[in-house]
Amino acid sequence: DAPIADMAVKLTERAMEAIGGMKRFVKSGDVVWVKPNIAWDRTPEQAANTNPDVVKTLVRLCYEAGAKTVKVGDNPCNDAAKSYPNSGIEAAAKEVGAEIVYLDRRRFREMEIGGPALKTIPVYPEIIESDLVINVPVVKHHSATTVTLCMKNYMGVVENRRKFHQDLPGTIRDITAFMKPRLCVLDAMRILTANGPTGGNLADVKQVNLVAAGVDIVALDA
């Protein structure tokens, strides 16, 4: 609805201004990958995916800062052909010129992660090759980790996530270190308070009207 959409835009702009603006991160000619949570075939009101207006605002700010291309994509748990449009993110990001990328499973490449818990895993090369990755998760409850926030959102850059479930804290730490976070924007416009990460019941959704941006992923998650 319009009021929450307008608020999401304003709060995202204010959060970015507060940390020095998008030009601090995006140089002229950059290729930027905006990485929301688009894991689930859910509507924006169900709060299982990142708010589409937060994503749309970040894409616009990247272009205003001089980006050549802004790509938006995730490796969803549900079918991408449903998750992308039903999340509202595909249409919203396209409106401001984003390139929507459906991750091709054949293109993932085994990469050296080099962590104690995660030695190697298939990662989507196009994400790693971008000049900047903006990590844009939604705040929500998670049955296995209590919450899912910035660090856990990096699970959407890999394939073969079974490896993660052998040691979630260790593997999430290792993929975070591998990704070398530079900018995270945490969407808490609507949050999922129970039955995450999939949600579905509007009774579990709380409207908080908060967007936080930062360069310290540990501080944001804390």
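How many residues of strand E9 (residues 183-192) are buried? In this predicted model, 10 of the 10 residues of E9 are buried. The strand is thus described as mostly covered.

Strand E9 pairs with several other strands. Strand E6, spanning residues 132-136, runs parallel to E9. Two bridges join E6 and E9. Ile-134 lies opposite Leu-183 of E9. Strand E7, spanning residues 138-142, is also parallel to E9. Here, too, the link consists of two bridges. Val-138 has Asp-187 of E9 as its bridge partner.

Strand E10 (residues 205-214) pairs with E9 in the antiparallel sense. Eight bridges connect E9 and E10. Asp-187 recurs in this pairing, with Val-211 of E10 as its bridge partner. Asp-187 is therefore a bridge partner of Val-138 and of Val-211.The largest nonpolar core holds 68 residues. Those touching the most other members are Met-16, Met-22, Val-72, Ile-134, Ile-175 and Val-185. Strand E9 gives the most to this core, with seven residues. Ile-134, one of the residues touching the most other members, is the residue that stands opposite Leu-183.

Met-16 has contacts beyond its neighbours within four places in sequence. Among them are Leu-183 and Val-185. Met-16 also contacts Gly-21, Met-22 and Phe-25. Leu-58, Leu-61 and Ala-213 complete the set. Two of these partners, Met-22 and Val-185, are listed with Met-16 among the core residues that touch the most other members.

How values were computed
Residues are numbered from 1 along each chain as its sequence is written. This is a predicted model: local features need pLDDT of at least 70, side-chain atom pairs count only at pLDDT 80 or more; totals for chains, interfaces and linings use all residues. Side-chain values use heavy atoms; hydrogens and water are left out. Buried means under 20% relative accessible area, exposed over 50%, partly exposed in between (1.4 Å probe, protein chains only). Helices (H or I, at least four residues) and strands (E, at least two) are DSSP runs, numbered from the N terminus. Two strands pair if DSSP finds at least two bridges between them. A nonpolar core is a set of buried Ala, Val, Leu, Ile, Met, Phe, Trp, Tyr and Cys residues joined through side-chain atoms within 4.5 Å. Contact means heavy atoms within 4.5 Å.
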